[in-house]
Amino acid sequence: MITRRRMVLGLLVATFSPIAISDDDSTSLAWLGQAFFFDSNLSLERTVSCATCHDPNAAFSDPRDNGVLAAASLGSDGVSLGDRHAPSLGYVALTPEFSRDADGLYHGGLFWDGRADNLAEQALVPIFDQTEMRLSGPEQLAERILENPDYKRQLVSLFGNQIETDPEQLSEAVGEALAAFQQTEQLQPYDSRYDDFLRGEYQPTLQESLGMALFFTEGFTNCNQCHQLQDVPNRRQETFSNYAFENIGLPVNERLRSVNRKRELANNPEYTDKGLAMRPDIPAGEQAGRFKVPSLRNVAVTAPYMHNGVFGELRTVLDFYNKYNRSGGDSQINPETGEPWGDAEVPETIALDKLTGTMPLEPRHLDALEAFLRMLTDQRYQHLLED
């Protein structure tokens with residue numbers, strides 16, 4: 001018999017996806033993860049869920065203004081504010097585990113600084129983070145989970161009776177369930193116009209075709225050096241990220257930083273977000289200021305942009321990259337502020353080898369690139385694209 005809770009969750013899923021996880025199997029780990037994902041009882045004040053900051057109707061990003069033009073998310077207390085932009089969870093399950101390759105370069109992991117090795121580990125961090133969902137630890141999470149008889153029954157079915165008395169195991173099970181939900185087709189449907197094109201079901205416009213050529217051709221833009229995972233362009237199931245860490249010379253988001261309520265920022269005016277170097281096991285130096293290259297799937301509908309939400313428009317992002325190869329005039333002015341772009345927060349490690357040496361792009365080239373990036377929007381979110 002389907003409970004009222006399960007019926008409500010089914011309706012929630014139906015609002016953002018034509019593909020719902022079957023709830024006929026009461027022991028489905030992915031179904032359980034879906035329930036956790038929407039459950040605000042997993043936050044201290046019972047006010048926010050995972051879906052609050054990763055809204056499935058907004059391509060799993062946070063569309064709320066939060067007083068900072070959506071650059072960061074509010075915690076469950078309605079006051080605490082992060083210093084980074086909540087990335088979209090679409091296609092996130094395809095991120096490889098954090099690793100270091102033979103050349104000493106780091107790849108993968110979750111969060112902008114890769115501090116969680118895998119998806120199950122990442123899923124628990126916001127629940128216990130004191131600026132996000134704010135639970136005190138596994139014991140409090142176990143209390144909240146076991147309040148719900150459906151959760152209790154399904155966890156026992158999946159993991160055994162001992163999970164009721166083992167908060168650490170229960171906490172790990174919550175992470176596994178959330179990871180299982182994020183691995184479902186709902187979060188990576190591969191049904192954008194680009195995917196239709198690869199299947200021979202869509203003919204790109206001339207502008208989209210030009211943008212595609214510019215994107216994938218080295219020497220024109222170098223976009224594909226960081227935003228292409230597979231060796232050959234136009235392969236199916238491309239995630240548009242190599243999952244490496246780069247410093248592209250982003251300035252501080254002054255609006256966000258000025259209102260941020262995190263104690264370490266308020267007490268330390270010299271605070272610098274060092275990205276990858278903030279992982280405890282990563283030395284600073286050449287790793288400082290590097291952030292994980294995000295997937296470009298649904299990028300046209302998940303503004304604002306960059307790890308700190310510093311740019312509100314996709315075109316501004318393209319203008320920012322173009323400034324490295326175009327001198328003088330408007331190229332050195334942020335079109336959103338009318339002021340110069342601003343100094344890089346960490347200038348020492350900027351990837352100038354990838355950012356420079358390509359052709360200066362004219363407005364028509366930037367228009368074409370933007371048209372191509374809009375092609376990467378999943379079908380269910382195409383109504384969010386502005387004309």
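This section describes charged side chains, a surface patch and backbone features in a predicted model.

The structure holds 24 salt bridges. One of them pairs the side chains of R84 and D113, with an N to O distance of 3.1 Å. This pair connects distant parts of the chain, since R84 sits in the loop between α3 and β1, whereas D113 sits in the loop between β2 (106-107) and α4 (119-128), 29 residues apart. Both R84 and D113 are buried. The pair also belongs to a network of salt bridges that links R84, D113, R115 and D273. In general, side chains of opposite charge can pair when their charged atoms come close.

Other salt bridges lie within helices. In one, R153 pairs with D150, and the closest N and O atoms are 3.5 Å apart. R153 and D150 are three residues apart in helix α6 (residues 149-159), so about one helical turn separates them. R153 is partly exposed, at a relative accessible area of 39%, while D150 has a relative accessible area of 12% and is therefore buried, the cut-off for that class being under 20%. Another salt bridge joins the side chains of D319 and R315 at 3.7 Å, N to O. D319 and R315 are both part of helix α13 (residues 314-322), where they are four residues apart, about one turn of the helix. R315 counts as partly exposed because its relative accessibility is 22%, a value in between the limits of under 20% for buried and over 50% for exposed.

On the surface, a negative patch is formed by E139, E143, D166, E168, E172 and E176. Two elements, α5 (138-146) and α7 (167-182), give two or more residues to this patch. Helix α7 provides the largest share, three residues. E143 is found in helix α5. With a relative accessible area of 53%, E143 is exposed, because that class begins at over 50%.

The loop between α3 (50-53) and β1 (99-100) contains S61. S61 counts as buried, at 3% relative accessibility. The side chain of S61 reaches the backbone oxygen of A58 at a distance of 2.7 Å. A59 is placed in the loop between α3 and β1. Although A59 is not a glycine, it has a positive phi of about 60°. A59 is buried, with a relative accessible area of 1%.

Further backbone features occur in the loop between β4 (291-292) and α13, where P304 lies. A303 and P304 are joined by a cis peptide bond, for which omega is about 0°. M306 is also placed in the loop between β4 and α13. The phi of M306 is near 80°, a positive value in a residue other than glycine. M306 has a relative accessibility of 14% and so counts as buried. As a general reference for these backbone values, most residues other than glycine have a negative phi, and most peptide bonds are trans.

Methods:
Residues are numbered from 1 along each chain as its sequence is written. This is a predicted model: local features need pLDDT of at least 70, side-chain atom pairs count only at pLDDT 80 or more; totals for chains, interfaces and linings use all residues. Side-chain values use heavy atoms; hydrogens and water are left out. Patches are made of residues with over 30% relative accessible area and no salt bridge: like charges are joined within 9 Å, nonpolar side chains (Val, Leu, Ile, Met, Phe, Trp, Tyr) within 5 Å. Accessible areas come from the Shrake-Rupley method with a 1.4 Å probe; for residues, only the protein chains shown count as cover. A salt bridge is a side-chain nitrogen of Lys or Arg within 4 Å of a carboxyl oxygen of Asp or Glu. Lys and Arg count as positive and Asp and Glu as negative; His and the chain ends are not counted. The place of a charge is taken as NZ of Lys, CZ of Arg, CG of Asp or CD of Glu. Buried means under 20% relative accessible area, exposed over 50%, partly exposed in between (1.4 Å probe, protein chains only). A polar contact is a pair of N or O atoms within 3.5 Å; within protein, one must be able to donate a hydrogen and the other to accept it, and residues adjacent in sequence count only if both atoms are side-chain atoms.
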